[in-house]
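Student: Got a minute to go through the aromatic rings in this one with me? I'll put it up now.
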Amino acid sequence: MIPFLDLKSAYNELKDEFDSAVAKVMESGYFILGPNVEAFEREYAAYLGVKHCIGMSNGLDALHIALVALGVGPGDEVIVPANTYIATWLAVTYTGATPVPVEPVENTYNLDPARIEAAITPRTKVILPVHLYGQPADMDPILEVAKRHNLQVLEDAAQAQGAKYKGRRVGGIGDIAAWSFYPGKNLGAFGDAGAITTNSDELADKVRVLRNYGSRVKYVNEVVGFNTRLDEMQAAVLRIKLSKLDEWNERRRKIAALYLENLQDSDLILPAVPEWAEPVWHLFVIRHPRRDELQKYLAEAGVGTLIHYPIPPHLQEAYASLNLKEGAFPVTEDIHREVLSLPMGPHLSLEDAGVVVEALKKNSPVKI
Ligand SMILES: *Cc1c(COP(=O)(O)O)cnc(C)c1O
């Protein structure tokens with residue numbers, strides 16, 4: 001059996017380091033906003049080449065607080081990808097603003113810059129591209145549209161720790177970025193965790209106050225804030241994992257290269273990598289018209305797969321009030337009907353990735 005993702009091996013590879021770091025936190029008696037959070041914030045900012053990093057409770061809270069810091073509120077509109085995980089939309093809804101979906105580029109799955117302008121209204125405040133599946137969104141034309149219309153840009157970088165756009169790491173390209181360190185992400189904690197990064201002193205300051213009850217000085221509250229802090233235990237784990245991020249992303253790259261090379265002469269649609277992109281392969285997503293049959297076949301062959309994602313946000317019951325019917329976003333809807341994520345991760349061996357390829361070549365619904 002080849003699992004879709006093997007999280008236990010990540011712990012086993014560095015077990016002694018994790019055990020000792022977590023024990024030290026417990027012995028220190030310092031659990032909230034202590035030395036590990038500070039150190040992680042410094043180290044992650046340095047890794048990304050961005051001025052500020054603020055540790056957050058999770059990715060959804062990071063998106064939400066980033067929008068609050070940008071001044072988004074009731075009556076505003078935020079441009080979001082039609083093709084994304086629902087968290088991107090939920091964060092907008094929490095502020096009282098409305099998510100306005102825009103279709104992706106068919107072969108990169110990411111927000112199509114050419115379609116943004118048509119969705120802009122006088123209420124639009126922010127464009128929120130997602131670096132989906134670990135592939136950077138095409139940021140330059142997005143920043144250009146934003147500049148022309150005086151809009152701010154929030155990057156949802158939850159799936160793209162380490163990915164590069166034109167040689168620069170994502171997360172410091174727009175005005176502000178939100179990160180998730182959910183366990184399955186390329187940089188993942190042993191629980192919920194997240195961060196916000198920005199090059200703006202002003203935004204960083206706002207976020208620091210907002211995440212801690214609206215307070216800079218204990219028991220003095222400047223604004224109606226939140227409790228969305230990263231905790232010491234997760235920060236200690238993330239520091240260890242960060243030191244391995246490049247190496248682990250490199251292992252993902254090798255697996256992606258193996259899949260791409262061995263599956264190119266087939267009727268599968270494989271992920272396209274534009275020349276300006278250095279993806280980190282959070283997911284390796286293939287497309288096939290007989291997706292459901294293919295997933296069933298692979299399960300019987302002992303290969304674990306997942307669908308990212310089976311239902312687009314605009315067709316979720318949660319968003320029935322937006323009145324966006326089936327057919328409203330055909331590119332996105334086709335993607336959701338046909339995508340399948342193959343096993344991928346730093347602890348998947350190349351041998352096992354080869355077994356996945358062999359299973360696809362045997363009697364699968366795929367023609368190779
Ligand atoms: C994981 C994820 C989030 C949410 O992160 P959590 O830490 O689970 O709250 C947001 N956006 C995208 C694109 C994600 O993949």
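Student: Starting with Phe190, is it buried, partly exposed or exposed?
Tutor: Partly exposed, because its relative accessibility is 38%. Keep in mind that this is a predicted model.
Student: OK. How many aromatic pairs turn up in the whole structure?
Tutor: A search of the whole structure gives 14. One of them is Tyr11 with Phe190, an edge-to-face pair at 6.0 Å centre to centre with 80° between the planes.
Student: Where do those two sit along the chain?
Tutor: Tyr11 is in helix 1 (residues 8-13), while Phe190 is in the loop between strand 8 (176-180) and strand 9 (194-198). The pair links distant parts of the chain, 179 residues apart.
Student: And what does Tyr11 count as, buried or exposed or in between?
Tutor: Tyr11 has 27% relative accessibility, so it counts as partly exposed.
Student: Switching to Tyr165 and Trp276, what geometry does that pair have?
Tutor: Edge-to-face, with 5.0 Å between centres and 65° between the planes.
Student: Which parts does the pair tie together?
Tutor: Tyr165 lies in strand 6 (residues 164-165) and Trp276 in the loop between helix 9 (245-263) and strand 12 (277-278), so the pair ties together parts 111 residues apart in sequence.
Student: Are those two buried or exposed?
Tutor: Both Tyr165 and Trp276 are buried.
Student: New topic: which residues form an aromatic cluster?
Tutor: Phe40, Tyr44, Tyr47, Trp179 and Phe181 make up one cluster.
Student: What sits over the ring of Tyr47?
Tutor: The charged end of Arg169, 4.1 Å from the centre of the Tyr47 ring.

Key
Residues numbered from 1 in each chain as written. Predicted model: local features only at pLDDT ≥ 70, side-chain atom pairs only at ≥ 80, totals over all residues. Heavy atoms only, no water. Phe/Tyr/Trp six-rings, centres within 6.5 Å; stacked < 30°, edge-to-face > 60°. Helix = DSSP H or I, 4+ residues; strand = E, 2+ residues; numbered from the N terminus. Buried < 20%, exposed > 50% of the residue type's maximum accessible area, 1.4 Å probe, protein only. Lys NZ or Arg CZ within 6 Å of the ring centre and 35° of its normal.
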